[in-house]
Amino acid sequence: MRIAVLATDPDLYSNKRLMEAGEQRGHEMVFVSVRNCYMDITANKPEIHYRGGEVLKKFDAIIPRIRPSLTFYGTAVLRQFEMQGSYLLNGPISIGRAQDKLRTMQLLCSKNIAIPRTGFANSPLDTKDMIKTVGGAPIVIKLLEGTQGKGVVLAETEKAAESVINAFKSLKANILVQEFVKESKGVDLRCFVVGDKVVASMERRAAKGEFRANIHLGGTGYKVKITPQERKIAVAAAKVVGLKVCGVDIIRSNHGPLVLEVNASPGLEGVENATEKDIAGMMIEHIEAQVGKKKKSKKVDS
Ligand SMILES: Nc1ncnc2c1ncn2[C@@H]1O[C@H](COP(=O)(O)OP(=O)(O)O)[C@@H](O)[C@H]1O
Ligand SMILES: [Mg+2]
């Protein structure tokens with residue numbers, strides 16, 4: 001097959017691993033930089049041009065690894081590949097949903113998947129009441145489009161919470177507020193979903209003095225055995241957002257597992273190292289199975 005990794009940085013561990021895993025399985029792997037693509041949007045012959053003028057030949061499958069800051073452009077490029085009939089490992093609508101934490105929370109609730117108590121408000125006039133609604137301080141405040149823990153803040157007191165919320169609002173940042181799940185003690189679960197299975201999971205422990213377990217913030221990943229209930233929740237979360245490959249973040253609370261978010265381009269380095277699994281290979285195998293199915297059903301149809 002001819003497969004594109006649609007991303008930004010070819011030297012990133014995850015992108016290198018995907019290229020390598022595809023080549024090992026005999027596929028023609030092409031790294032396509034999102035930023036270098038431009039489009040000819042025509043009814044019967046949608047084209048994608050590459051910086052320098054080359055017109056990209058059709059791909060059998062696309063592995064989108066679009067960084068959040070490029071979601072708007074990246075999903076537009078992805079739609080163009082979709083119009084050409086390429087199989088997309090993750091689709092543009094699902095990627096857009098996952099990027100917005102509020103939208104994700106609402107989708108999860110629609111399927112009764114438990115999340116920490118979460119609030120969202122527009123006006124500073126509602127700040128005080130919203131803090132009360134999610135159980136009062138300490139609370140967690142999150143940028144809707146933050147990643148790698150960078151947009152997640154813990155406000156220890158009511159006063160601090162109010163100031164942070166109103167400061168974010170004055171900068172026109174979109175935020176949600178959330179009950180702080182103290183008992184998780186800086187530990188979360190990253191469940192890696194491929195298709196309708198959790199293929200690997202790790203426990204991440206936050207660095208000393210930190211409540212966010214993200215690897216990018218110094219957290220450490222360990223192999224972990226998750227419960228059947230956690231497995232079920234992770235798969236259900238992936239499904240409601242519509243992602244075929246994703247990383248579902250879960251924390252263990254006194255009243256059971258709670259989903260924090262669903263990542264559309266989960267990093268491979270931490271989880272491959274912690275679990276010693278070939279996750280890049282599993283992603284390629286999933287494409288092989290899906291594209292194979294598509295071809296078969298076409299033959300049957302014709
Ligand atoms: N409500 C919460 N209670 C306790 N810890 C939290 C809560 N929300 C987030 N965290 C911690 O912060 C980390 C980052 O939050 P997350 O919602 O996954 O955002 P990001 O997209 O930045 O990773 C989580 O992995 C978890 O360790
Ligand atoms: Mg996260």
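**Exercise 1.** Determine how the residues of the shell around ligand 1 in this predicted model divide into nonpolar, polar and charged.

*Solution.* Step 1: sorting the shell by residue type gives 9 nonpolar, 8 polar and 6 charged residues. Step 2: of the 23 residues around ligand 1, those that come nearest are Pro116, Val181, Arg212, Ala213 and Leu260. Step 3: two or more residues of the shell are given by each of the strands β9 (139–143), β11 (175–179), β15 (245–253) and β16 (256–263). Step 4: at the level of domains, domain 2 (118–180) and domain 3 (183–281) each supply at least three residues to this shell.

**Exercise 2.** Describe how domain 2 and domain 3 are placed and where they touch.

*Solution.* Step 1: the domain assignment lists domain 1 (2–90), domain 2 (118–180) and domain 3 (183–281). Step 2: the centres of domain 2 and domain 3, taken over C-alpha atoms, are separated by 24 Å. Step 3: the contact involves 4 residues of domain 2 and 5 residues of domain 3. Step 4: on the side of domain 2 that touches domain 3 there are 2 nonpolar residues, 2 polar residues and no charged ones.

**Exercise 3.** Check the span of helix α7 (residues 228–241), then examine its surroundings.

*Solution.* Step 1: α7 has 14 residues, so at 1.5 Å a residue it should span 20 Å. Step 2: the end C-alpha atoms of α7 lie 20 Å apart, which agrees. Step 3: the buried residues of α7 include Glu230, Ile233 and Ala234. Step 4: among the elements covering the buried residues of α7 are α3 (92–99), α4 (101–110), β12 (187–194) and β13 (197–205). Step 5: just after α7, Gly242 adopts a positive phi of about 95°.

Technical notes. Residues numbered from 1 in each chain as written. Chains lettered and ligands numbered in written order. Predicted model: local features only at pLDDT ≥ 70, side-chain atom pairs only at ≥ 80, totals over all residues. Domains from an automatic or database assignment. Contact = placed C-beta atoms within 7 Å. Nonpolar A, V, L, I, M, F, W, Y, C, P; charged D, E, K, R; others polar. Near = placed C-beta within 6 Å. Helix = DSSP H or I, 4+ residues; strand = E, 2+ residues; numbered from the N terminus. Expected span 1.5 Å × (residues − 1). Buried ≥ 20, exposed ≤ 12 C-beta atoms within 10 Å, placed from the backbone.
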